[in-house]
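Got your viewer open? Let's take a walk through this one together, one selection at a time.

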Amino acid sequence: GAARASRFPVVKKEGWWLVVADVANNTLLSIKRLSLKQQARIQLDFVAPADPGVATLTLYFMCDCYVGCDQEYEFPLEIKPATMAD
């Protein structure tokens, strides 16, 4: 919807971003802008880190209009060794 911004000269729509990052390696893996709804199913495509093992990634849910609404969640991602295709 429209953001409340009394000093902004035109109507500003809320902008929400999903960001996946590898904080340990200072790497941005994926970013996607979306519209906020009651529920949403979003697919984020990204290239996983190259080293096999468990990587701890961070999912950020960020608003470009309101301060204090941002959220972040750490999650593990199991990375398996690449296999040769036949």
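Which residues does Glu78 touch, not counting residues up to four places away in sequence? Select Glu78 and have a look around: the answer is Gly53 and Val54. Before we go on, keep in mind that this is a predicted model.

**Stop 1: around Glu78**

Glu78 sits in strand S4. Color it by accessibility and you'll find that Glu78 is exposed, with a relative accessible area of 59%; that counts as exposed because the value is over 50%. Now add Val54 to your selection. Along the sequence, Glu78 and Val54 are 24 residues apart, yet in space their C-alpha atoms are 4.5 Å apart. Val54 stands opposite Glu78 in S4. Want another pair like that? Pick Thr56, and across from Thr56 in S4 you'll meet Pro76. These pairs belong to a bigger pattern: S3 and S4 pair in the antiparallel sense over nine bridges.

**Stop 2: the whole sheet**

Switch to a cartoon view. In what order do the strands of the open sheet come? Reading across, four strands line up as S2-S1-S3-S4, with antiparallel pairing. Strand S2 (27-34) and strand S4 (71-79) are at the edges, each with a single partner strand, so one side of each has no neighbour in the sheet. Tilt the view a bit: on average, neighbouring strands of this sheet are turned by 20 degrees against each other, ignoring direction. What holds strands together in general? Strands of a sheet pair through backbone hydrogen bonds, parallel or antiparallel.

Next, pick S1 and S3. They run antiparallel, and six bridges join them. To see one residue pair here, click Trp17: its bridge partner in S3 is Met62.

**Stop 3: two rings**

Now select Trp16 and Phe61 and show their side chains. How many aromatic pairs does a search of the whole structure find? One, and you're looking at it: Trp16 and Phe61 are stacked, 4.8 Å centre to centre, with 15 degrees between the planes. The pair links distant parts of the chain, as Trp16 belongs to strand S1 (residues 16-22) and Phe61 to strand S3 (residues 53-63), 45 residues apart. Are these rings' residues buried or exposed? Trp16 is buried at 6% relative accessibility, and Phe61 is buried too, with a relative accessible area of 17%.

**Stop 4: Ser30**

Jump over to strand S2 and click Ser30. Ser30 is buried, its relative accessible area being 9%. Show the side chain and follow it: it reaches the backbone oxygen of Asp45 at 3.5 Å. If you leave aside neighbours within four places in sequence, the contacts of Ser30 include Leu18, Val19 and Val20, as well as Leu44, Asp45 and Phe46.

**Stop 5: two cysteines**

Last selection: Cys63 and Cys65. How many disulfides does a search of the whole structure find? Zero. Why don't these two make one? The sulfur of Cys63 is 4.8 Å from the closest cysteine sulfur, the one in Cys65, which is too far for a bond. The cut-off for a disulfide is sulfur atoms within 2.5 Å. Accessibility is worth a look here as well: Cys63 is buried, with a relative accessible area of 10%, whereas Cys65 is partly exposed, with 24%.

Notes. Residues numbered from 1 in each chain as written. Predicted model: local features only at pLDDT ≥ 70, side-chain atom pairs only at ≥ 80, totals over all residues. Heavy atoms only, no water. Buried < 20%, exposed > 50% of the residue type's maximum accessible area, 1.4 Å probe, protein only. Phe/Tyr/Trp six-rings, centres within 6.5 Å; stacked < 30°, edge-to-face > 60°. Helix = DSSP H or I, 4+ residues; strand = E, 2+ residues; numbered from the N terminus. Pairing = 2+ DSSP bridges. Axes fitted to C-alpha atoms, helices over the stretch in contact; angles between N-to-C directions. Polar contact = N/O pair within 3.5 Å; in protein donor to acceptor, adjacent residues only side chain to side chain. Contact = heavy atoms within 4.5 Å.
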